[in-house]
Amino acid sequence: MTAGLAGSSVIVAGGGAIGAGMSNGRAAALTYARKGARVLVADLDEASAAETRDLVRAEGGVCQIFVGDLSEAADAEAMVAHCLHTLDGRIDVLHNNIGIIRPGGPVELDEADWDRVVTVNLKTLYLTARYVLPVMERQRSGVITNIGSLAGLRFTGLPMIAYSTTKGAIPAFTRSVALQYAAAGIRANCIHPGVIDTPLQTSTDQAYGVVFGGADADTLRARREAAIPLGRFGSPFDIANAAAFLASEEARYITGTELVVDGGLIQKTG
């Protein structure tokens, strides 16, 4: 068991999945629970959140769910209240995993899609922090881990201007929180996943296929894996294990930093 997580209370915002399989958020919830934490899974999709909860409970973990739109202040505030009520009055970790993709550059992307991506990817970050930080201040401790993306640091081959822009803003948001609240014993860091084998990744395969000459799914995957120095897509648990480390006592002197988990891909695209 990783030191510092046993008995802690963790919110995983975006702990469901947009399709069948293991998402980054679902893997995070499972990993925190396996390391002894009590977990609240928050998601807009009740059935998907419940599926994550059931997976955690099947392994003997403690998990509750909250269903709501965390881009709405009332829902974000209610989520925090629900967590305090169901997980013994503490919030030790906030894991922000919410994010959506709409392909397209400035000309192709519809204005409504731009607004939706900005709202979902950034306003949820702001609102969850807004209501969690006072709790952590009272505790004089807490960890916030925000999930960014390699796409926020480098162009990855697929035009997705809204997603890339919002993910590029996450390090600045995280640094601001880390430095403002360091004296209160609160740490904040962000993780930048590379190509991770999740339902969200699958949902962009068709768009990537067009970019790479209309390749079929197997050819597209092989070409993309060949570009990664470690030769494979990452697992959602690669991201989850990094997050568990950042939340633990082993990382108690780490704040305001960015951790890239991408199989070395960023070193080829810089």
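Before I come to the helices, let me say that an axis here is a line fitted to C-alpha atoms, for helices over the stretch in contact, and that angles run from 0 to 180 degrees between N-to-C directions. The model is predicted, so local features need pLDDT of at least 70 and side-chain atom pairs count only at pLDDT 80 or more, while totals for chains, interfaces and linings use all residues. Residues are numbered from 1 along each chain as its sequence is written, and side-chain values use heavy atoms, with hydrogens and water left out.

Helix 4, residues 111-139, packs against helix 5, residues 161-181, with the axes 9 Å apart and at an angle of about 15 degrees. The two, helix 4 and helix 5, are therefore roughly parallel to each other, a term for angles under 35 degrees, and their crossing is right-handed. Among the residues in contact (heavy atoms within 4.5 Å) are Trp114 and Leu125 of helix 4, and Ala169 and Phe173 of helix 5. By class, this contact of helix 4 with helix 5 has 16 nonpolar, three polar and one charged residues.

Turning to the other pair, helix 1, residues 24-34, and helix 2, residues 46-58, have axes that come within 9 Å and cross at roughly 30 degrees. Helix 1 also passes helix 2 in a right-handed crossing, where Arg26, Ala29, Leu30 and Ala33 in helix 1 meet Ser48, Glu51, Thr52, Leu55 and Val56 in helix 2.

Finally, the charged end of Arg221 sits over the ring of Phe233, 4.3 Å from its centre; the term requires CZ of Arg within 6 Å of the ring centre and within 35 degrees of the ring normal.

Note on methods
Helices (H or I, at least four residues) and strands (E, at least two) are DSSP runs, numbered from the N terminus. Angles under 35 degrees count as roughly parallel, over 145 as roughly antiparallel, 65 to 115 as roughly perpendicular and the rest as oblique. A crossing is left-handed if the near helix is turned anticlockwise from the far one by less than a right angle, and right-handed if clockwise. Ala, Val, Leu, Ile, Met, Phe, Trp, Tyr, Cys and Pro count as nonpolar, Asp, Glu, Lys and Arg as charged, and the others, Gly among them, as polar.
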